[in-house]
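Hi there,

Here is the structure I promised to pass on to you. Have a look at it first, and then read my notes underneath.

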Amino acid sequence: MRFILAVLTLIACCHRPLDVYGQSAEPTRADSLRGAAAGRFEIGVGINDRIPEQKENWPLLKQQFSIITPENCMKPQSIQRTLGAFDFQVPDRFVEFAVTHDLRIVGHCLVWAKDDRTYDWYYKEGDRALNGQELNARMRSDIHKLVSRYRGKIAMWDVVNEALDDGEEYLRPSGWVSACGETFIAEAFRAAHEADPEALLIYNDYNNELPKKREKMLRLIRSLQEQNVPLHAIGLQGHYEIDRIPFDEIEQTIVDVRKLGLKVVVSELDIDVIPRGRWWAENGKYREELATLDPYPNGLPDDLQQRLAEQYAKLFSIFAKHSDAILRVSFWNLHDGESWLNYFPWKRVNHPLLFDRDRLPKPAYDAVLKALATRS
Ligand code: GLA
């Protein structure tokens with residue numbers, strides 16, 4: 001009898017994966033984002049590099065999400081702090097954690113095309129600036145090293161991040177553009193594809209759904225396609241601000257990108273409830289005033305909680321409507337207490353996500369589940 005019971009238990013365990021706390025880890029449609037979106041797109045999250053040590057976050061992570069992006073540890077400035085000194089310790093642990101826990105991985109990011117996100121030495125040999133060919137060769141070799149290290153384990157890569165200009169230029173002025181013109185973008189994608197031909201390759205940016213920047217992005221896509229560059233998807237970061245979400249432009253962008261034969265990923269979704277746009281307005285004129293603004297230290301008032309829910313729901317209705325074009329929707333951070341918006345661009349208690357500081361679902365969570373349940 002004992003033996004039969006043991007066999008039965010074993011069979012049951014094999015069918016229903018157990019999480020660390022011994023609960024069933026198989027999320028269902030009704031009680032998880034990943035379940036509710038199943039068959040349409042993946043639900044992901046950008047997560048603290050220390051997740052392998054943060055056991056308290058594992059149940060929520062595994063219940064709700066199926067694919068994770070490391071917040072910082074795979075960025076070029078973390079991987080190689082000085083020329084040739086590669087540090088894979090943290091990313092190795094991250095990848096091992098994801099594989100062990102049956103989570104898929106987004107690699108982020110191979111080139112961050114901004115001067116404040118690229119060490120000055122990267123553009124140089126001693127004091128001499130590298131020419132385009134040399135800089136491309138350095139970048140290609142670094143991409144080969146990183147992508148091949150995790151070949152087969154990383155499902156998709158943000159290959160180039162934030163290369164488009166916010167102002168009047170096409171590409172953001174940087175050491176990359178000065179040395180290489182546009183070529184570093186195509187070369188980065190080619191190198192990533194050589195190192196892992198199975199990985200899905202993404203161009204990722206912010207505000208790229210707004211008309212001016214969207215035109216530049218479509219131009220970039222066409223240019224890369226004319227050169228037969230292996231570009232598979234566009235990342236809309238999706239760092240939005242409450243009451244200012246450009247719903248129509250988001251929808252238009254999904255349609256435009258689909259027309260060009262590419263997929264869309266929403267790569268870093270959150271909704272700031274303490275709008276930050278004025279921080280950059282009029283040469284920083286409002287910064288002093290904003291730096292002390294911290295209106296919700298003890299939680300969100302009901303009406304704001306409600307608006308947050310409605311606006312998340314509206315976003316997910318758009319995503320659901322265009323799910324044939326969307327591969328993934330990833331939030332940026334697991335719960336409100338972990339959000340980068342608590343300290344960027346100034347310190348404040350923020351509430352931009354679906355889970356609060358106790359990791360409990362907010363009204364916005366239910367609203368998103370409801371939006372996903374309504375088939376259009
Ligand atoms: C950008 C980057 C992300 C992250 C966020 C803010 O969107 O792509 O890696 O740094 O900013 O945390």
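Below is what I found, starting with the ligand and ending with the aromatic rings.

Before anything else, keep in mind that this is a predicted model.

So where is the ligand? It sits in the largest pocket. If you want to find the spot on screen, look for the residues around the ligand: Lys75, His108, Trp112, Asn161, Glu162, Gln237, His239, Glu268, Trp332 and Trp340. By type, this shell is a mix of three nonpolar, four polar and three charged residues.

Some of these residues come with a distance to the ligand that you can check yourself:

- Glu268: an N or O atom in its side chain is 2.4 Å from an oxygen atom of the ligand.
- His108: here a polar side-chain atom lies 2.5 Å from a ligand oxygen.
- Trp332: a polar atom of this side chain is 3.2 Å from an oxygen atom of the ligand.

How much of the ligand does the protein cover? On its own, the ligand has 300 Å² of accessible area, and the protein covers 89% of that.

Now for the rings. A pair of aromatic rings is described by the distance of the centres and the angle of the planes. There are 16 aromatic pairs in the structure, and I picked out two examples for you.

One of them is Trp121 with Tyr122, a tilted pair with 5.6 Å from centre to centre and 50° between the planes. Are these two residues buried or exposed? Tyr122 is buried, because its relative accessible area is 10%, under the 20% limit. Trp121 has a relative accessibility of 23%, so it counts as partly exposed.

Another is Phe316 with Phe319: this pair is edge-to-face, with the centres 5.3 Å apart and 75° between the planes.

Happy browsing!

Definitions and conventions
Residues numbered from 1 in each chain as written. Predicted model: local features only at pLDDT ≥ 70, side-chain atom pairs only at ≥ 80, totals over all residues. Heavy atoms only, no water. Near = heavy atom within 4 Å. Polar contact = N/O pair within 3.5 Å; in protein donor to acceptor, adjacent residues only side chain to side chain. Areas by Shrake-Rupley, 256 points an atom, 1.4 Å probe, with all protein chains shown as cover. 1 Å grid on protein atoms, 1.4 Å probe; cavity = no way out; pocket = protein on both sides within 12 Å on 5 of 7 lines; lining within 4 Å. Sits in = over half its atoms within 2 Å of the grid points. Nonpolar A, V, L, I, M, F, W, Y, C, P; charged D, E, K, R; others polar. Phe/Tyr/Trp six-rings, centres within 6.5 Å; stacked < 30°, edge-to-face > 60°. Buried < 20%, exposed > 50% of the residue type's maximum accessible area, 1.4 Å probe, protein only.
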